[in-house]
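This report introduces the packing of helices and of nonpolar residues in one protein model. The sequence and structure are shown first.

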Amino acid sequence: MKHLVLRDGRKLAYTDVGDSLGYPLIFGHGMPGSRLQGEFFHKQALQHSFRIITPDRPGIGNSDYQPGRRLLDYANDIEQLADALKLERFSHFGWSSGSSRTLACCYKLTDRVDLGVCLSGYTNFSEYAGHHKLLEETRWPGPRLARYSPWLVKLVAQLVAYLSRRHPGLYMREAKHLVNSADRNLLSLLLEEDTFQRDQMLCLESGGKAIATDLLAELENWGFSLKDVHTPVLIFQGKEDAFVRVDYARHLAGQLPRAELTLMPDTGHLYPLAENFQSQLFARIKLELERMTLKRKAPLL
C-alpha cells in the first residue's frame, strides 16, 4: 500500500500494480470494494504494458473520511494523485460504483483523461426516467431511497455493513445466491484465494458512515450532465447482471456524446475479475489509444 497526503490534509491510500513503466490506468473500485481490487488486474496489466493505480475512496480502507463528499470531489482527488505521480495523461476505468467516478473524471479532467471505461455501472439517476428502486438486489440503498431520505440510506448502509462484518460467511453465501451461474462459478474460484474476501471485508470494516457517504455521492445529483461528458467512453454490461440493470447502460450510451456500448450475453456482474475478459479489455483499450494517437498526428487538410 502507498499513500498520498492531499491538499486538505487527508490521506489517500492506493495500490500501484502492473507495469510500472506502462501507460497509466486509474481504476475506480466497486462498492463494497477497496484498493485491493486493483490487484486482480496485475497479471494481465503486465502482459499488456499497463500500470494500474487504484485508490481507496475517502473513508474506505486506509483513506481518510471526507464529510459532505460529492461525486466531483473524486475527480479533485484523482487530479492530485496524478500530479503527485507525474501522470500527464491517463485513462480511467471503473467497475460498478467505480463507473460513476470514471465519468466524473472524464467530465472534470477532460484535458488529461484520454478514455473512460464503465464496467456495469449506474447512470446519473437525476437524468434517468426509468424505475428508481428503494433497495437494490444487493440490499444496498437505491436512488429512490436516497431521494426520499439520505438519513435512511445511512441507516441501511450501517445495518448491512454491521451484519456483513459480524457474519462474513453468511455474507459470502448471500453473494453466491444473488449472482447468476457464470458469476457463481467465478466467485467460487475467487474464494479459493483470500484477495476477494479481504477486499470485501476491508470495505465493510470501514463502517456504514463511510459506505453511506460513498453511495450517496453516486445516488444523488452528480453535479454535471451526461451530455457534457466529451471524453470517449466504452461501456460494458452483462445481460445477466443481477446487480446493475441493463437499462442503466443503455441510458448512459444514449446520453453520453461519445459512448460505445457492448452488451455481453450470458454474463453477470463479476466478469471484470476474470482474466480472459481483462485480456480482451486491455487489448481494446490499447487499440483505442493507438487510434487517438494516430488521429492527433494526422495532418490538417
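## Packing of two helices

In this predicted model, α3 packs against helix α9 (residues 208–219) at an angle of about 55 degrees, and their axes lie 10 Å apart. An angle of about 55 degrees falls outside the range of 65 to 115 degrees that counts as roughly perpendicular and is not under 35 degrees, the cut-off for roughly parallel; α3 and α9 are therefore oblique to each other. Their crossing is left-handed.

On the α3 side, the contact is formed by Ser97, Ser100 and Arg101, which meet Asp214, Ala217 and Glu218 of α9. By character, the residues of this contact comprise one nonpolar, two polar and three charged.

## The largest nonpolar core

In soluble globular proteins, nonpolar side chains tend to be buried together. Here the largest nonpolar core has 32 residues, and those touching the most other members are Ile78, Leu81, Phe90, Leu103, Phe224, Val233 and Leu256. Two or more residues each come from β2 (11–18), α2 (71–84), α3 (97–108), β6 (113–119), β7 (233–238) and α10 (246–255). The greatest contribution is that of α2, with seven residues.

Phe90 illustrates the surroundings of one such core member. Apart from neighbours within four places in sequence, Phe90 is in contact with Tyr23, Pro24, Ile26, Ile78, Ala82, Leu109, Arg112, Val113, Asp114 and Leu115.

## A second core

The model also contains a second, separate core, made up of 30 residues. Among them are Val17, Leu119, Tyr271 and Met292.

Notes. Residues are numbered from 1 along each chain as its sequence is written. This is a predicted model: local features need pLDDT of at least 70, side-chain atom pairs count only at pLDDT 80 or more; totals for chains, interfaces and linings use all residues. Side-chain values use heavy atoms; hydrogens and water are left out. A nonpolar core is a set of buried Ala, Val, Leu, Ile, Met, Phe, Trp, Tyr and Cys residues joined through side-chain atoms within 4.5 Å. Buried means under 20% relative accessible area, exposed over 50%, partly exposed in between (1.4 Å probe, protein chains only). Helices (H or I, at least four residues) and strands (E, at least two) are DSSP runs, numbered from the N terminus. Contact means heavy atoms within 4.5 Å. Axes are lines fitted to C-alpha atoms, for helices over the stretch in contact, and angles run from 0 to 180 degrees between N-to-C directions. Angles under 35 degrees count as roughly parallel, over 145 as roughly antiparallel, 65 to 115 as roughly perpendicular and the rest as oblique. A crossing is left-handed if the near helix is turned anticlockwise from the far one by less than a right angle, and right-handed if clockwise. Ala, Val, Leu, Ile, Met, Phe, Trp, Tyr, Cys and Pro count as nonpolar, Asp, Glu, Lys and Arg as charged, and the others, Gly among them, as polar.
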